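Let's work through a few exercises together, one step at a time. Have a look at the structure, then try each task before you read its solution.

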Amino acid sequence: MRLTYKTNKLRKQCEDPRRAQKEYGKNIGNKLTQRVGELQAATNLLDIQYNPSARLHRLKGDRSDEYAIDLVHPFRLVIKPVLEDDRDINKLEAIDVVRIEEVADYHGKQKR
């Protein structure tokens with residue numbers, strides 16, 4: 001799967017384990033770089049759904065065009081499918097490009 005990032009800072013945090021640990025702490029940083037590696041190795045989002053510990057789920061409301069993947073509770077990796085050729089957001093096997101939006105605890109509204 002091809003990944004893009006909302007910001008260059010976020011890209012560096014996701015791709016460099018030391019930066020991830022510095023920004024988010026050891027546990028979240030390690031899980032973040034693991035999940036990014038899983039996304040890079042996947043063919044499409046359906047591959048991620050088959051990993052039960054990732055708990056891929058679609059968000060609701062004004063974020064219904066985004067998905068989240070579990071990191072360390074309560075933090076999530078929020079991704080947004082880049083839909084090419086009018087692909088359906090509900091067909092995970094058709095989503096092979098995503099943009100990483102943020103690492104967040106969106107339940108408590110605490111962003112990092």
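**Exercise 1. Find how much surface the protein chain exposes, and what share carbon and sulfur atoms supply.**
Step 1: The exposed area is about 6,400 Å², computed by the Shrake-Rupley method with a 1.4 Å probe.
Step 2: Carbon and sulfur atoms supply 45% of that area.

Before going on, note that this is a predicted model, where local features need pLDDT of at least 70, side-chain atom pairs count only at pLDDT 80 or more, and totals for chains, interfaces and linings use all residues. Residues are numbered from 1 along each chain as its sequence is written, and side-chain values use heavy atoms, leaving out hydrogens and water.

**Exercise 2. Decide whether Leu 56 is buried or exposed.**
Step 1: Recall the cut-offs: buried is under 20% relative accessible area, exposed is over 50%, and partly exposed lies in between (1.4 Å probe, protein chains only).
Step 2: Leu 56 has 14% relative accessibility, so it counts as buried.
Step 3: For the whole protein chain, buried residues make up 43% of the 112 residues.

**Exercise 3. Describe the surroundings of Leu 56.**
Step 1: Leu 56 sits in the loop between helix H4 (45-49) and strand E2 (57-58); helices (H or I, at least four residues) and strands (E, at least two) are DSSP runs, numbered from the N terminus.
Step 2: Leaving aside residues up to four places away in sequence, Leu 56 touches residues including Leu 45, Ile 48, Tyr 67 and Leu 92; contact means heavy atoms within 4.5 Å.
Step 3: Leu 77 is 21 residues from Leu 56 in sequence, and their C-alpha atoms are 9.6 Å apart.
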